[in-house]
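Visitor: I am new to this structure. Please take one part and walk me through it closely, then link it to what lies around it.

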Amino acid sequence: MMMVTCPWGSQFILLRSHEPDEDRAAHLGSQPLVDGHEPSEGLKMEDLTVFVENDSNLEGIGRFYEKVLGAVVVPDLSSESSISIAMGQSQTLTFQHHPDGSEKKVVHHDFSDAGDENYPANYGPHISLYVTNLPKAYQAAGELGVLYVNPRFKRRAYTEDEAIDQCMFRIIDIVDPLDEDRTVICRLEHEVRSAKTRDGKKYKSFPLKSVT
């Protein structure tokens with residue numbers, strides 16, 4: 001095991017694969033190989049852990065992912081201070097109370113730019129993920145009032161039709177679907193991509209070999 005910290009402070013735990021051939025064949029998280037480049041030695045990212053403040057509603061976060069993305073909580077990997085969500089085959093997204101305690105303020109967004117007349121520009125980190133039913137996810141996000149457009153990027157989906165055409169939309173506010181006030185638990189920008197184009201073909205950057 002090796003621990004690595006990037007220049008921006010993100011920490012990575014690198015582990016040796018017990019099944020390297022199987023992991024490489026799964027194409028988890030890979031991108032189409034560029035001509036003249038060798039395959040990456042990294043085989044997959046098993047988990048992304050995001051720290052949140054210690055009073056954050058972890059169960060509400062779990063309900064949010066199930067409602068919007070159809071992603072279920074993994075009880076065996078969760079605890080009183082963390083919640084892990086299955087984001088795909090052998091991949092999880094974990095929200096964990098910050099180890100520095102209740103006084104630690106945790107922010108994952110940067111609204112330092114006013115953006116456009118509709119949305120502030122976010123300069124914080126964002127994660128990308130794929131869904132097989134983009135309209136359903138878009139509608140669920142709309143019901144919760146969490147649809148977001150980042151003016152930083154040229155691809156902007158202000159409507160469901162534009163999201164289907166561009167094979168993506170964004171969200172940034174995470175709320176508990178059971179909370180009628182829609183109080184923001186935390187902010188983390190998501191680029192929600194479609195695994196399929198409008199005509200049902202596999203989207204060009206979708207990393208798996210086929211779409212079911």
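Guide: A residue counts as buried when its relative accessible area is under 20%, and as exposed when that area is over 50%. Partly exposed is the class in between. Keep those cut-offs at hand. Note also that this is a predicted model.

Start with C167. Its relative accessibility is 4%, so C167 counts as buried. It sits in the loop between α4 (160–166) and β8 (168–175). The backbone of C167 has a feature to look for: phi is near 60°. That is a positive value, and C167 is not a glycine.

Now move to the loop between β8 and β9, where R182 is placed. R182 also has a positive phi without being glycine, here near 55°. Is R182 buried or partly exposed? Its relative accessibility is 30%, so R182 counts as partly exposed.

Return to β8, because the search for enclosed space leads there: the largest share of the lining of the largest cavity, three residues, comes from this strand. Rolling a probe the size of a water molecule over the atoms shows where empty space is left. Across the whole structure, the search finds one cavity of 30 Å³ or more. The largest cavity holds about 40 Å³ of space. Its lining includes M168, F169 and R170. Y148, V149 and N150 line the cavity too. So do R155, R156 and A157. Sorted by class, that lining has five nonpolar residues, three charged ones and one polar one.

Next comes an open space, the second largest pocket. It offers about 280 Å³. Two elements give two or more residues each to its lining: β3 (47–52) and β9 (184–194). Which of the elements gives the largest share? That is β9, with four residues. In total, 17 residues line the pocket. Those nearest its centre are E53, V106, V184, I185 and C186. The lining is made up of seven nonpolar, five polar and five charged residues.

Follow β3 away from the pocket and you reach a sheet. Three strands form it, in the order β3-β5-β4. The sheet is open, and its pairing is mixed. β3 and β4 are the edge strands, each pairing on one side only. From one strand to the next, the twist averages 20°.

Look at the β4 side of this sheet. β4 pairs with strand β5 (residues 91–97) over six bridges, in the antiparallel sense. Within that pair, I83 stands opposite F95 in β5. Helix α2 (residues 58–69) packs on the sheet and touches β3, β4 and β5. The direction of α2 makes about 15° with that of β4.

End on S82, which lies in strand β4 (residues 82–88). Its relative accessible area is 9%, so S82 is buried. Which residues does S82 touch, leaving aside those up to four places away in sequence? They are L58, L77, T94, F95 and Q96. Among them, F95 has already appeared, as the residue opposite I83.

To retrace the route: C167 is buried, while R182 is partly exposed. β8 gives three residues to the lining of the largest cavity, and β9 gives four to that of the second largest pocket. β3 also contributes to the pocket lining, and β3 is one edge of the three-stranded sheet.

Notes:
Residues numbered from 1 in each chain as written. Predicted model: local features only at pLDDT ≥ 70, side-chain atom pairs only at ≥ 80, totals over all residues. Heavy atoms only, no water. 1 Å grid on protein atoms, 1.4 Å probe; cavity = no way out; pocket = protein on both sides within 12 Å on 5 of 7 lines; lining within 4 Å. Points joined across faces, edges and corners; volume = space filled by probe spheres on them. Nonpolar A, V, L, I, M, F, W, Y, C, P; charged D, E, K, R; others polar. Buried < 20%, exposed > 50% of the residue type's maximum accessible area, 1.4 Å probe, protein only. Contact = heavy atoms within 4.5 Å. Pairing = 2+ DSSP bridges. Axes fitted to C-alpha atoms, helices over the stretch in contact; angles between N-to-C directions.
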